[in-house]
Amino acid sequence: KAELYEEIEKSPQNSNSTFYGDCANEFIKANAMVIGDSTAEGLSAYGVLDPSSVIWTRGQTIQHMKDSMSSVIPSNPSVLFLSYGANDLLSWNGNVDGYINAYSNAIDYIYSVLPNTRICVNSILPVSDQAKSSNSAYNYQEEFNTRLKELCNSKNVTFIDNSSVLNNSPDGRIYESDGVHP
């Protein structure tokens with residue numbers, strides 16, 4: 001578990017290392033899980049993580065995370081990564097205070113049912129300029145992340161800024177045709 005925690009603490013923008021390769025095995029050994037939306041789905045669909053380590057619901061937002069927790073609680077993970085974002089930007093449409101309140105409630109709920117689980121919050125991933133021009137709600141990504149990082153700091157929760165992963169894609173191919181999904 002210590003090795004995974006060390007990797008978690010490394011900010012992607014400060015390191016060229018990634019979890020790919022032995023990531024799935026490390027997650028299983030560390031009893032780590034991811035819960036989230038379609039971005040989380042991609043982690044199992046593309047073979048980054050074992051499907052048993054990922055609980056996802058397409059279109060899900062943080063205020064509905066509790067609906068999926070019944071699939072997480074029995075595993076009593078040591079580490080739980082929260083992977084929500086683009087749907088929240090659309091749902092909250094600039095209401096950063098409402099979003100932060102909902103996220104705070106979600107974190108409190110996790111601590112109430114899994115008091116020994118370490119929580120790691122993934123940043124909301126940036127979307128393409130095309131997606132931003134088609135829906136202005138996507139323009140709030142940086143503001144939401146700034147406030148989300150502040151929330152995590154106040155609750156002693158790890159915040160992981162994954163933006164650089166998309167900004168530094170080695171093959172230049174970053175988004176699916178919708179401009180939202182990596």
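## Helix H7 and its two faces

The expected span of a helix is 1.5 Å times one less than its number of residues. In this predicted model, helix H7 takes in residues 141–155, and its 15 residues reach 21 Å from the first C-alpha to the last, close to the 21 Å expected. Right after H7 ends, Asn156 adopts a positive phi of about 55 degrees.

So who is tucked away on H7? The buried residues are Gln141, Phe144, Asn145, Leu148, Leu151 and Cys152. They sit on the same side of the helix, because they cover an arc of only 120 degrees around the axis. Over on the other side of H7, you'll find Glu142, Asn153 and Ser154 exposed.

Asn145 is worth a stop along the way. This residue of helix H7 has a relative accessibility of 9%, so it counts as buried. Leaving aside residues up to four places away in sequence, Asn145 touches Ser123, Ile124 and Phe159.

## Helix H5 and what packs on it

Helix H5 runs over residues 96–113, and it also has the span you'd expect: 18 residues at 1.5 Å a residue should cover 26 Å, and the end C-alpha atoms are indeed 26 Å apart. Its buried residues are Val96, Gly98, Tyr99, Ile100, Ala102, Tyr103, Ser104, Ala106, Ile107 and Ile110. The cover over them includes strand S3 (79–83), helix H4 (86–92), strand S4 (118–122) and H7.

Tyr103 gives a feel for how those pieces meet. Not counting residues up to four places away in sequence, Tyr103 touches Ile62, Leu82, Tyr84, Val121, Leu148 and Leu151. Two of these contacts, Leu148 and Leu151, are among the buried residues of H7.

## Strand S1 and its partners

Strand S1 (residues 32–36) is mostly covered, with five of its five residues buried. Ala32, Val34 and Gly36 point one way from the strand, while Met33 and Ile35 point the other way.

S1 has pairing partners in S3 and S2. With S3, S1 pairs in the parallel sense over five bridges, and Met33 stands opposite Leu80 there. With strand S2 (residues 54–56), S1 runs parallel and is joined by three bridges; the bridge partner of Gly36 in S2 is Trp56. Put helix H3 (residues 38–45) together with S1 and S2 and you get a right-handed β-α-β unit.

## Ile35 up close

Ile35 has 0% relative accessibility, so it counts as buried. Beyond residues up to four places away in sequence, its contacts are Ala40, Ile55, Met65, Ser68, Met69, Val72, Leu80, Phe81, Leu82, Ser83 and Tyr84. Tyr84 is 49 residues from Ile35 along the chain, yet their C-alpha atoms are separated by 8.2 Å.

## The nonpolar cores

Now for the inside of the model. The largest nonpolar core has 34 residues, and those with the most contacts inside it are Ile35, Met65, Leu82, Tyr99, Tyr103 and Val121. S1, S3, H4, H5, S4 and H7 each supply at least two residues of this core. H5 gives the most, with eight residues. There is also a second, separate core of 13 residues, including Phe27, Val48, Leu49 and Cys120.

As a general backdrop, nonpolar side chains tend to be buried together in soluble globular proteins.

Methods. Residues numbered from 1 in each chain as written. Predicted model: local features only at pLDDT ≥ 70, side-chain atom pairs only at ≥ 80, totals over all residues. Heavy atoms only, no water. Helix = DSSP H or I, 4+ residues; strand = E, 2+ residues; numbered from the N terminus. Buried < 20%, exposed > 50% of the residue type's maximum accessible area, 1.4 Å probe, protein only. Arc of directions from axis to C-beta. Contact = heavy atoms within 4.5 Å. Core = buried A, V, L, I, M, F, W, Y, C linked by side-chain atoms within 4.5 Å. Pairing = 2+ DSSP bridges. Right-handed = clockwise from strand over helix to strand, strands pointing away.
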